[in-house]
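This report looks at one residue and its contacts, and then turns to the surroundings of a bound ligand.

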Amino acid sequence: MKDLKINKQEIIDKTAAFVQDQLKDAESGHDWWHIVRVWNNCKLILKTEDADPLVCELTALLHDIADSKFHDGDEEIGPRIAGEFLTSLNVDQNTILHVQQIIRNMSYKASLGQLDFHSKELAIVQDADRLDAIGAIGIARAFNYGGFKNREIYNPNIPPALNQDKETYKNSVAPTINHFYEKLLLLTDKMNTSSAKAIATERHRYMEDFLQQFYAEWQGER
Ligand code: ADP
Ligand code: NI
């Protein structure tokens with residue numbers, strides 16, 4: 001008789017292979033290496049937080065499988081592809097529904113809008129994703145994104161715009177340094193778990209040091 005049960009490690013390995021293949025042409029902000037880093041952040045947080053590791057790891061792997069930005073704003077495409085793939089592995093229905101709920105609810109843009117689902121696993125994966133937006137990696141990603149959009153790196157005449165709503169944030173064309181004040185430096189306080197907050201605090205300090213050095217060099221002071 002064919003054994004339909006596949007073990008958790010096998011599910012994770014197959015999902016990783018699927019995601020790597022799906023993202024082979026992805027833009028560098030949400031490519032396979034972003035997924036690897038979020039997955040690593042997730043495993044780091046799970047060392048000190050109690051949650052279902054299978055749901056966390058699967059969601060870390062699948063959360064950026066299809067960005068609505070590149071699919072005419074279709075916010076259901078990611079959860080749908082993730083659900084179809086996990087169904088093909090015979091993953092249990094509760095796990096699949098949970099993974100889909102987290103994907104729907106975890107993006108920063110979603111958190112500026114209406115959040116209607118909460119779980120410890122969502123908290124952890126969202127933290128893991130946010131940790132990849134700060135620190136040295138966060139700085140690299142921000143300037144990479146700004147370069148791709150042909151934004152100025154800095155313009156002292158354009159102040160950061162705080163408290164933006166979802167639409168303004170999406171349509172911003174401000175210099176990349178502004179993004180630190182509009183998002184990156186706000187993330188430490190938004191961490192859900194104390195484990196992620198501790199990691200974020202160190203990465204936050206690193207960004208503050210970077211900004212201080214940046215302004216000093218801008219003024220020709222050092
Ligand atoms: P998320 O995956 O959190 O929804 P985004 O798609 O908004 O994030 O951003 C992907 C990466 O690009 C992040 O590291 C983010 O900080 C960076 N980024 C997004 N918007 C800007 C911007 N206006 N200027 C610089 N970097 C940005
Ligand atoms: Ni992500």
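In this predicted model, isoleucine 158 touches Glu152, Pro175 and Asn178, when residues up to four places away in sequence are not counted. Isoleucine 158 sits in the loop between α8 and α9, the latter spanning 166-171, and its C-alpha lies 7.4 Å from that of alanine 174, although the two are 16 residues apart in sequence. Isoleucine 158 counts as partly exposed because its relative accessibility is 34%, a value in between the limits of under 20% for buried and over 50% for exposed.

The shell around ligand 1 consists of His30, Lys69, Arg141, Ala142, Tyr145, Arg151, Tyr169, Thr176, His179, Lys183 and Leu184. By character, these residues of the shell divide into four nonpolar, three polar and four charged. Two helices, α8 (135-148) and α10 (176-182), each supply at least two residues of this shell, and the largest share, three residues, comes from α8.

Polar side-chain atoms of the protein also pair with atoms of the ligand, as the table sets out.

| Side chain | Atom of ligand 1 | Distance |
|---|---|---|
| Histidine 30 | oxygen | 2.7 Å |
| Arginine 151 | nitrogen | 3.0 Å |
| Lysine 183 | oxygen | 3.3 Å |

Taken alone, ligand 1 exposes 550 Å², of which the protein buries 90%.

Key
Residues numbered from 1 in each chain as written. Chains lettered and ligands numbered in written order. Predicted model: local features only at pLDDT ≥ 70, side-chain atom pairs only at ≥ 80, totals over all residues. Heavy atoms only, no water. Near = heavy atom within 4 Å. Polar contact = N/O pair within 3.5 Å; in protein donor to acceptor, adjacent residues only side chain to side chain. Areas by Shrake-Rupley, 256 points an atom, 1.4 Å probe, with all protein chains shown as cover. Helix = DSSP H or I, 4+ residues; strand = E, 2+ residues; numbered from the N terminus. Nonpolar A, V, L, I, M, F, W, Y, C, P; charged D, E, K, R; others polar. Buried < 20%, exposed > 50% of the residue type's maximum accessible area, 1.4 Å probe, protein only. Contact = heavy atoms within 4.5 Å.
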